[in-house]
Amino acid sequence: IYVVPGFGGDHYESGMYAMMLGKSEVPFVRIGLDPTTPLGHSVFADSANNGPWGRALVEELIPHLEKEFRLIPEARARLLTGHSSGGWGSLWLQVAYPDFFGGTWSTAPDPVDFHDFCGIPLYDRGANFYVDGDGEEWPIMRIGSSVTTVRRFARMEDTIGPGGQLQSFEAVFSPRGPDGMPKPVFDRRTGQIDRWVVKAWRRYDIRD
């Protein structure tokens with residue numbers, strides 16, 4: 001069982017998550033994966049900015065493990081699980097490599113349908129990343145009784161620097177810009193969505 005941790009998690013966290021799966025009557029090996037990159041969570045998808053994470057996993061790392069350890073080199077014996085960004089990554093791997101993996105349990109994944117990306121209708125030409133059609137701020141998360149908007153979340157990330165959740169999405173889904181960094185999908189000042197970048201994102205829309 002290959003375990004992909006959520007955003008901010010590494011192989012230590014995925015190992016702890018794997019142990020939470022409990023005991024099994026059938027012997028199996030739990031393998032915790034580390035998805036971290038300088039730009040955030042790789043979600044094990046090949047991308048212009050992070051590189052060939054998916055291919056490296058299925059063509060190099062897993063075959064190497066299957067040679068070194070008593071693992072069964074068959075799809076039925078390669079299972080996936082993950083939560084949050086790890087949920088998206090485990091689902092992506094199953095969809096992208098359906099003959100390589102035998103099944104996945106993906107919980108609370110990041111958006112798998114970009115028609116509704118954290119509530120934002122990304123493909124609508126009049127959509128804005130910060131506000132809806134009535135000018136109301138898009139919410140992105142709740143902590144207790146406090147709701148954080150996409151605008152505040154984006155400003156927080158820009159203050160902290162590279163590697164935040166929204167920037168992590170751009171690192172995976174966006175083309176590389178002329179400055180060598182991922183192309184932003186929206187203007188951080190106005191929330192205006194870049195339609196050209198959205199078109200590039202569509203290849204990662206799991207529903208599509």
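The questions and answers below concern burial, cores, pockets and backbone angles in a predicted model.

Q: Why is S47 called buried?
A: The relative accessibility of S47 is 11%, and the term buried applies under 20%, so S47 counts as buried. S47 lies in strand β5, which covers residues 46-47.

Q: Which residues is S47 in contact with, leaving aside its neighbours within four places in sequence?
A: S47 is in contact with A171, V172 and Y204, where contact requires heavy atoms within 4.5 Å.

Q: What makes V43 and F44 stand out in their backbone angles?
A: Most residues other than glycine have a negative phi. In V43, however, phi is near 50°, a positive value in a residue other than glycine, and in F44, also a residue other than glycine, phi is positive as well, near 55°. V43 is found in the loop between β4 (40-41) and β5, and F44 has its place in the loop between β4 and β5 too.

Q: How do you know whether V43 and F44 are buried or exposed?
A: The relative accessible area is 6% for V43 and 5% for F44; buried means under 20%, and therefore V43 is buried and F44 is buried.

Q: Why is Q167 called buried?
A: Q167, a residue of helix α5, has a relative accessible area of 15%, and because the limit for the term is under 20%, Q167 is buried.

Q: What makes the pair Q167 and D158 a polar contact?
A: The side chains of Q167 and D158 are joined at 3.4 Å, and a polar contact calls for N or O atoms within 3.5 Å, one able to donate a hydrogen and the other to accept it, so the pair qualifies as a polar contact. Not counting residues up to four places away in sequence, Q167 touches L39, E157, D158, G161, P162 and R188.

Q: Where does Q167 appear among the pockets?
A: Q167 belongs to the lining of the second largest pocket, which has 13 lining residues, and together with E170, M181, P182 and P184 Q167 lies nearest its centre. About 200 Å³ of space lies in this second largest pocket, and its lining divides into 6 nonpolar, 3 polar and 4 charged residues.

Q: What lines the largest pocket, and how does its lining divide?
A: The lining of the largest pocket has 15 residues, with P27, F28, V29, I72 and A77 nearest its centre. The division is 11 nonpolar, no polar and 4 charged, and the space in the largest pocket is about 400 Å³.

Q: Which residues touch the most other members of the largest nonpolar core, and which helices supply it?
A: The largest nonpolar core has 29 residues, of which F129, F173 and W201 touch the most other members. At least two residues of this core come from each of α3 (85-96), α4 (150-160), α5 (165-173) and α6 (195-201), and the largest share, 4 residues, comes from α5. W201 is in contact with F114, F117, L122, F169, E170, F173, S174 and V185, leaving aside its neighbours within four places in sequence.

Q: Which residues does the second, separate core include?
A: The second, separate core has 15 residues, including L33, V58, L71 and L80; a nonpolar core is joined through side-chain atoms within 4.5 Å.

Note on methods. Residues numbered from 1 in each chain as written. Predicted model: local features only at pLDDT ≥ 70, side-chain atom pairs only at ≥ 80, totals over all residues. Heavy atoms only, no water. Buried < 20%, exposed > 50% of the residue type's maximum accessible area, 1.4 Å probe, protein only. 1 Å grid on protein atoms, 1.4 Å probe; cavity = no way out; pocket = protein on both sides within 12 Å on 5 of 7 lines; lining within 4 Å. Points joined across faces, edges and corners; volume = space filled by probe spheres on them. Nonpolar A, V, L, I, M, F, W, Y, C, P; charged D, E, K, R; others polar.
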